[in-house]
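Dear colleague,

I am passing on the structure we spoke about, with the sequence alongside. Please look it over first, and then read the notes below.

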Amino acid sequence: MNPQDPLANLHPLRQPEVISWWPPAPGWWVLLGAVVLLVAVLGYYFRKRRKRNAYRRLALLQLQSLHTQYLATQDLGLYIGQINTLLKSVALRAYPRSEVAATHGEAWRSFLNSSLPAELQLPVTFDDAAYQKSCPRIDAEQVHRAALLWIKRHRVTR
């Protein structure tokens, strides 16, 4: 027998090369392509939605301006008339002209109230308040909140 240790003749184990991160495996390329496509589609969708709702943002700015003007002047008749005009212009943008253009009075109020919760519905006095010089007593803050909510949440049928 050989008195030498047979393990002494062994060479140390060789470490394999470190796996490089580049180029990635084909699955990573597919995943990257899917993510880029998803981001592009979502970007297109949100941009289209933002453009489609630009009239709402403009109307909300106009409503805030009208409210500020009302608080300064306290002219309720003018304020109600301007809100009615603003709501009509928003409705003409969102709904077919044949459905909205000639609507006034009780039918107009019912049209607006159909998409408002019960506690924020426009009062009966709103029917003619927009068309009279001397406005009956009407809660301007309730009308403002109702108009704000209607502009934000009405459903577009076009």
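Val36 belongs to helix α1, which covers residues 26-52; please keep in mind throughout that this is a predicted model. Together with Trp21, Trp22, Trp29 and Leu32, Val36 makes up a nonpolar patch on the surface, with an area of about 640 Å².

The aromatic residues come next. Searching the whole structure gives eight aromatic pairs. One of them joins Tyr45 and Phe46 in an edge-to-face arrangement, with 5.3 Å from centre to centre and 65° between the planes. Tyr45 is partly exposed, at 44% relative accessibility, and Phe46 is also partly exposed, at 45%.

Another pair is formed by Trp108 and Phe111, which are stacked, with their centres 5.7 Å apart and 20° between the planes. Both of these residues lie in helix α5, where a separation of three residues places them about one turn of the helix apart. Trp108 counts as buried because its relative accessibility is 2%, and Phe111, at 18%, counts as buried as well, given that the cut-off for this class is under 20%. Ring pairs also connect Trp108 and Phe111 with Tyr95 and Trp150, so that the four are linked into a cluster. In addition, Lys88 lies over the face of Trp108, at 4.3 Å from the centre of the ring.

Which residues of α5 are buried? They are Gly105, Trp108, Arg109, Phe111, Leu112 and Asn113. The cover over these buried residues includes α3 (76-94), α4 (97-100), α6 (126-129) and α7.

Two residues in that list deserve a separate word. Asn113 lies in helix α5, which spans residues 105-113, and Asn113 is buried, with a relative accessible area of 6%. Once its neighbours within four places in sequence are set aside, Asn113 is in contact with Gln121 and Leu122.

Arg109 is the other one, as its side chain meets that of Asp127 in a salt bridge, at 2.5 Å from N to O. The count for the structure comes to one salt bridge. Because Asp127 lies in helix α6 and Arg109 in helix α5, the pair ties together parts that are 18 residues apart in sequence. Is each partner buried or exposed? Asp127 is buried, with a relative accessible area of 9%, and Arg109 is likewise buried, at 11%.

Finally, there is Val156, which is found in the segment that comes after α7 (140-153). Val156 is partly exposed, with a relative accessible area of 41%. If residues up to four places away in sequence are not counted, Val156 touches Tyr55, Arg56 and Ala94. Between Val156 and Asp127, which are 29 residues apart along the chain, the C-alpha atoms are separated by 23 Å.

If you go through the model in the viewer, one possible order is to start at the patch that includes Trp21 and Val36, then turn to the cluster of Tyr95, Trp108, Phe111 and Trp150, and end at the salt bridge between Asp127 and Arg109.

With best wishes

Definitions and conventions: Residues numbered from 1 in each chain as written. Predicted model: local features only at pLDDT ≥ 70, side-chain atom pairs only at ≥ 80, totals over all residues. Heavy atoms only, no water. Patch = residues over 30% accessible without salt bridge, like charges linked within 9 Å, V, L, I, M, F, W, Y side chains within 5 Å. Areas by Shrake-Rupley, 256 points an atom, 1.4 Å probe, with all protein chains shown as cover. Salt bridge = Lys/Arg side-chain N within 4 Å of Asp/Glu carboxyl O. Helix = DSSP H or I, 4+ residues; strand = E, 2+ residues; numbered from the N terminus. Buried < 20%, exposed > 50% of the residue type's maximum accessible area, 1.4 Å probe, protein only. Contact = heavy atoms within 4.5 Å. Phe/Tyr/Trp six-rings, centres within 6.5 Å; stacked < 30°, edge-to-face > 60°. Lys NZ or Arg CZ within 6 Å of the ring centre and 35° of its normal.
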